[in-house]
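Let's work through a few short exercises together. Have a look at the structure, try each task, then check the steps below it.

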Amino acid sequence: MDAILMSLMTALNEHLLINVYQRDTDDFYTGYVQVLGHDAVVLGTYNDSGIADGCALIAFSAIDQVEFAGDDLDNMNFRIGLAQSEHFLTLQGKEKPFQFDATESLIWQLAKQAQASEQMIMVVVADDDAYLEGRVTAVAEDRFSMAIFNKFNYTDVRALQVDFSDILVMEFHGLDLKLETELVRHRDQLQHVPTKLFQNDGQLEGVFQNALAENRLISVVPKGPEDQFFVGRVKAVNDRVVVLSLKDMAGQFGGYILMTLPSIQNVATASDYLQTISFYEQWDQTHHFSQQPVLNADREFDPNDNLVKAIISEAAGFERVVRIKVADSDEHFLGYPEHVDETDFDLKLVGQDSGETVRIRYGQIREIAFGHIFAYLQEVQLKNADR
């Protein structure tokens, strides 16, 4: 613990970007130390895009390691610089910061300020894998009470007491929690709706056609073992594939995905979570937060085209990074296409597998994700590396 404390003190004094790794999980935070208390640290954190995005209080008991240097931090420094130079959207500097006295309990101070401001926070406690999101309703000397909010299920209404000694992490501010705060403040406008789910019985083309005609927000679950789903609007559909314009967890434009119809497990056209993302989307539009300035949310797709080949050919022509999932594999390949012909193409891999090449047939493809912020970041880093 002395080594961790000394590392955090060095990071504070020298204003160093660090990774803070947690015990018993692969999760970690990247950011700058803002306050160092006697039992916890507050970081100003950055998301994977290099965007300043809220803060995290981390109890010393939850910290496994503090990292000052390495490929990941080099990569993050690059992304942070790019996010700043390209004026990526962020709430940094637009919210009133919480004030902390390093000689007093940071947890108590955070709980009191969250209660006074009625802002949503996220809490991780010991011996519980859940990420608890809610509003602080009362604060005592050694615990606080939360009204839990479940953005996936509006009928899940709970009150919870949290002991300070059990707290591992508390997240506050940041775009997701800002949006959730606004949602809860307007909760009376939203009512629970039963999930309307369509299983893949061979009739999904009609479901997608209706969603396209109505410009309806939908969620799509692919087949496979992954706990994954996509939220977005249909841009094009035919009897083989569908192309969605995606929304991320903050309701912002999240790029595009092409999916073959047989690779889809089910589609939801109504749910509480779709209401949540729709509210976030409206807030984003009102506050000019809908998409990062380097992305293009206005692309059109012709359903009469061979969309798989068209998307791959365009990516090859403009050296765009795509993420591809193929049949009989749970692995995703990230790279840019080369040597495109009538039946297949090379995908030159980037990221962890940089330098390798795989040959892919069009008929193998189950998903193509493209036009999102992480593809853009990879493309810029590749161009920068070639200089």
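**Exercise 1.** Place Arg359 on the scale from buried to exposed, then work out how Arg359 is connected.

*Solution.* Keep in mind that this is a predicted model. Start with the cut-offs: buried is under 20% relative accessible area, exposed is over 50%, and partly exposed is in between. Arg359 comes out at 37%, so it counts as partly exposed. Next, look for company: salt bridges with shared partners join Arg359, Asp341, Asp344 and Asp346 into one network. One of these bridges pairs the side chains of Asp346 and Arg359, at 3.0 Å from N to O. That pair links distant parts of the chain, with Asp346 in strand S19 and Arg359 in strand S20, 13 residues apart. Asp346 itself is buried, at 16% relative accessibility.

**Exercise 2.** Find out which parts of the chain the salt bridge between Glu379 and Arg320 ties together.

*Solution.* First, the contact: the two side chains, Glu379 and Arg320, meet at 3.6 Å, N to O. Now locate them: Glu379 sits in helix H8 and Arg320 in the loop between helix H7 and strand S17, so the pair ties together parts 59 residues apart in sequence. As for cover, Glu379 is buried at 9%, while Arg320 is partly exposed at 39%.

**Exercise 3.** Check whether the length of helix H2 fits its 15 residues.

*Solution.* Helix H2 covers residues 71-85. At 1.5 Å a residue, H2 should span 21 Å. The C-alpha atoms at its ends are 21 Å apart, which agrees. Just past H2, His87 has a positive phi of about 55 degrees.

Definitions and conventions:
Residues are numbered from 1 along each chain as its sequence is written. This is a predicted model: local features need pLDDT of at least 70, side-chain atom pairs count only at pLDDT 80 or more; totals for chains, interfaces and linings use all residues. Side-chain values use heavy atoms; hydrogens and water are left out. Helices (H or I, at least four residues) and strands (E, at least two) are DSSP runs, numbered from the N terminus. The expected span of a helix is 1.5 Å times one less than its number of residues. A salt bridge is a side-chain nitrogen of Lys or Arg within 4 Å of a carboxyl oxygen of Asp or Glu. Buried means under 20% relative accessible area, exposed over 50%, partly exposed in between (1.4 Å probe, protein chains only).
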